[in-house]
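Good morning, and thank you for coming. Please have the sequence and the three-dimensional view ready, as I shall refer to both throughout.

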Amino acid sequence: MRIRSLSVLCPLLLVPWIGLVGGCSPDGRLAAVPTSPFSTGDVGTTLPNDPVDGSVIVDDTDAPDTDVAVDTDTTPTEVTLTSVAAGRDFTCATWSDGTLSCWGANDVGQSRAPAGSYQTVVAGSSHACALNAAGRVVCWGDATLGRLQAPAGVFTGLAAGSESSCAWSSTTVSCWGNGLTAPTSVPGVAKIVVGSAFGCALNGDGDLVCFGAGAAVRDAPDTATDIAAGLYHVCALTQTGAVTCWGADNLQQVGDAPAGAGYASIAAGGNTSCAVRAGRATCWGFSESNHADVPTDADLHDVSVGSSHVCAGKGDAGDVVCWGSDDSFEATPPIVDAVAVTVGMGGHGCALHTDGSLTCFGLDAGGQATPPDGPWSEVAAGWFHTCGLRDSGGVACWGVDTRGQATAPSTGTWSSVAPGRLFSCAAMAATGAVTCWGDLSPRTPPPASPGGLIAGNGHVCGLSSDAGGTMTCAASPGTSNAFPAAPVDAVTAVAAGNGNTCWIAGGQLGCAGADVGGETSPPAGNYRDVALGMSHGCAIASAGGGLHCWGDDTEGAASPPTGSYTDVAAGDGVTCAVRVDGRVRCWGNKAL
């Protein structure tokens, strides 16, 4: 939760509760690049299930937080998808700029992508491996059974199965993991796939050799043009583009293969397979959602199949779409081309785009991640509800409304809105006068706040000016002091948390209130933005835009990636930020 009121930003672009702030267009409106969310839908991603403990969306790197030089040309460079890899309950992808991103479960570190620039990535059941820019193999995640014991050397290709992986070059094939031995000779190898205790290699002439044990090896044909391996079955394409499968068929992963020819690519994982023809995917085998929810898009490519979800590239703009199980948010790819992000304490968030549309994600049991139609100029997430300002100046809230916290005024023109836990507040555009609704809303709201509002668990703070104003706060009945007793002058950014407040004045961080995990003990330095989560905080450095976090790091929420950022938001055990290229990065162990 925070307001950022800097002179370089649009007036009144407060950022309530870990809210949103973007850049300015010449007319003073929020400015950004066109929407291109990595999502199967444009708004309101529905994730009704509770997150699995240890799940996370992790993107970019987990290196120490260091400032970097600001690139004066911050225009996002268009990138294309180079690979996508679906594991059991997580997903990773690489792009043409070398970016490696992972999201989903992280109980053994499988979604904690390493630093560096990468060409391609593959995923096993609970580990992943990637080829870096130099052609060397880097693996992470589950370290048991030798999964991470990658060989030295330079390779051109990479494959992963449930417990084993293989890498190859023009002269060498090397496998590691749970007892899988590489074939002694595969001249001119073009592709290798790995299942459970077996693998298959395809050379440039279409000759197919399978190795290891089981029916997937015993029943293999001699030739193919493309191959894919699940746990205990293999599917291939013939010269005519027909699909042929062999191995275990207990879940129709072989017998339900589609008829006909003309398929261009094949993918498999777990007990499911998918084939692509004319850009459209057909899936079969186990997990009804994997093939019942296949998108109808005609521009899918680079399909990858996990245990119970599928991801694919869409079009040529670097977008990823996923379908199937999303219990650990493995089917919720990261967002690109965002101007700002907001995160609620209850496990949901939203990103705002230039056209005023929203991409919301995370838990949605109460509808907090399903916004009404926009366009929007601002959005902010509370605990289990979300509020936004329409372009028209109207205010709207959605999500849990048990105490009236999502029943916003139906009339009026507003300049800012701030949802807390069981209440919400908004400031009138004409006067800055503050109105609150819901339960435990402050009996006496703060004075006129034309500079913006921010709400915490049971308190709300406002700024008297949008360019370094006086911060005044008010508390709900029975709420302990969560803010300074006296107003603070020259404040340019404010963040409100669970019984505490942090602010920036003169570039310096100040905090007051509860200090459960060290969240009100910020580092020294010069900063331009701040966010508070349940027990940690993060700030963006004035020089370079690097992230600095402090407080409880049990779940990794206070271990930010490197890079230059324009916006930051913090929730319960998770932090998200927007890079200068418009990509949203999230880290911590409570997935969104």
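Let us begin with a single pair of residues: Thr120 stands opposite Leu131, which belongs to strand E9. Please keep in mind from the outset that this is a predicted model. The two strands concerned here are E8, residues 118-123, and E9, residues 127-132; they pair in the antiparallel sense over five bridges. How many residues lie in the hairpin that joins E8 to E9? The hairpin passes from E8 to E9 through three residues.

With that example in view, I turn to the protein as a whole. The protein has 592 residues, and 59% of them count as buried. Its secondary structure comprises two helices and 46 strands. The protein exposes about 20000 Å², of which carbon and sulfur atoms supply 51%. What share of the contacts between residues at least 6 apart in sequence joins residues at least 24 apart? The share is 48%.

Next, the disulfides. For those new to the term, a disulfide is a covalent bond between the sulfur atoms of two cysteines. A search of the whole structure finds 14 disulfides. I shall present three of them in turn.

The disulfide I take up at the start joins Cys200 to Cys210, with an S to S distance of 2.0 Å. The link of Cys200 and Cys210 is right-handed, with 100° about the S-S bond. What does this pair tie together? Cys200 lies in strand E15, residues 198-203, while Cys210 lies in strand E16, residues 208-212, so the pair ties together parts that are ten residues apart in sequence. Are these two cysteines buried or exposed? Both Cys200 and Cys210 are buried.

The next disulfide is formed by Cys235 and Cys245, whose sulfur atoms are 2.1 Å apart. The link of Cys235 and Cys245 is right-handed, with 105° about the S-S bond. This pair links distant parts of the chain, ten residues apart: Cys235 is in strand E18, residues 233-237, and Cys245 is in strand E19, residues 243-247. Why does Cys245 count as buried? Its relative accessibility is 13%, and a residue is called buried when that value is under 20%. Cys235 is buried as well, with a relative accessible area of 0%.

The last disulfide on my list is formed by Cys350 and Cys360, with sulfur atoms 2.1 Å apart. Why is this disulfide called right-handed? The torsion about the S-S bond of Cys350 and Cys360 is about 100°, so the disulfide is right-handed. The pair links distant parts of the chain, with Cys350 in strand E27, residues 348-352, and Cys360 in strand E28, residues 358-362, ten residues apart. Cys350 is buried, its relative accessible area being 0%. Cys360 likewise counts as buried, at 0% relative accessibility.

I now move from sulfur atoms to rings. The structure holds one aromatic pair. Trp376 and Trp398 form this pair, with 5.2 Å from centre to centre and 50° between the planes, and the arrangement is tilted. Planes under 30 degrees apart would count as stacked and those over 60 as edge-to-face, so the angle of 50° places this pair in the tilted class. Where in the chain do the two partners lie? Trp376 is in strand E29, residues 376-381, and Trp398 is in strand E31, residues 395-399; the pair links distant parts of the chain, 22 residues apart. Trp376 counts as buried at 3% relative accessibility, and Trp398 counts as buried at 6%.

Rings also take part in contacts with charged groups. The charged end of Arg277 sits over the ring of Tyr263, at 4.3 Å from the ring's centre. In another case, Arg583 lies over the face of Trp95, at 4.9 Å from the ring centre.

Finally, I ask you to locate Ser162. Where is Ser162 found? Ser162 is in the loop between strand E11, residues 157-160, and strand E12, residues 164-168. At 12% relative accessibility, Ser162 counts as buried. Leaving aside neighbours within four places in sequence, Ser162 is in contact with several residues, including Gly124, Ser125 and His127. Also among its contacts are Arg147, Gly195, Ser196 and Leu231.

That concludes my presentation, and I thank you for your attention.

Definitions and conventions:
Residues numbered from 1 in each chain as written. Predicted model: local features only at pLDDT ≥ 70, side-chain atom pairs only at ≥ 80, totals over all residues. Heavy atoms only, no water. Helix = DSSP H or I, 4+ residues; strand = E, 2+ residues; numbered from the N terminus. Buried < 20%, exposed > 50% of the residue type's maximum accessible area, 1.4 Å probe, protein only. Contact = heavy atoms within 4.5 Å. Areas by Shrake-Rupley, 256 points an atom, 1.4 Å probe, with all protein chains shown as cover. Disulfide = S-S within 2.5 Å. Pairing = 2+ DSSP bridges. Phe/Tyr/Trp six-rings, centres within 6.5 Å; stacked < 30°, edge-to-face > 60°. Lys NZ or Arg CZ within 6 Å of the ring centre and 35° of its normal.
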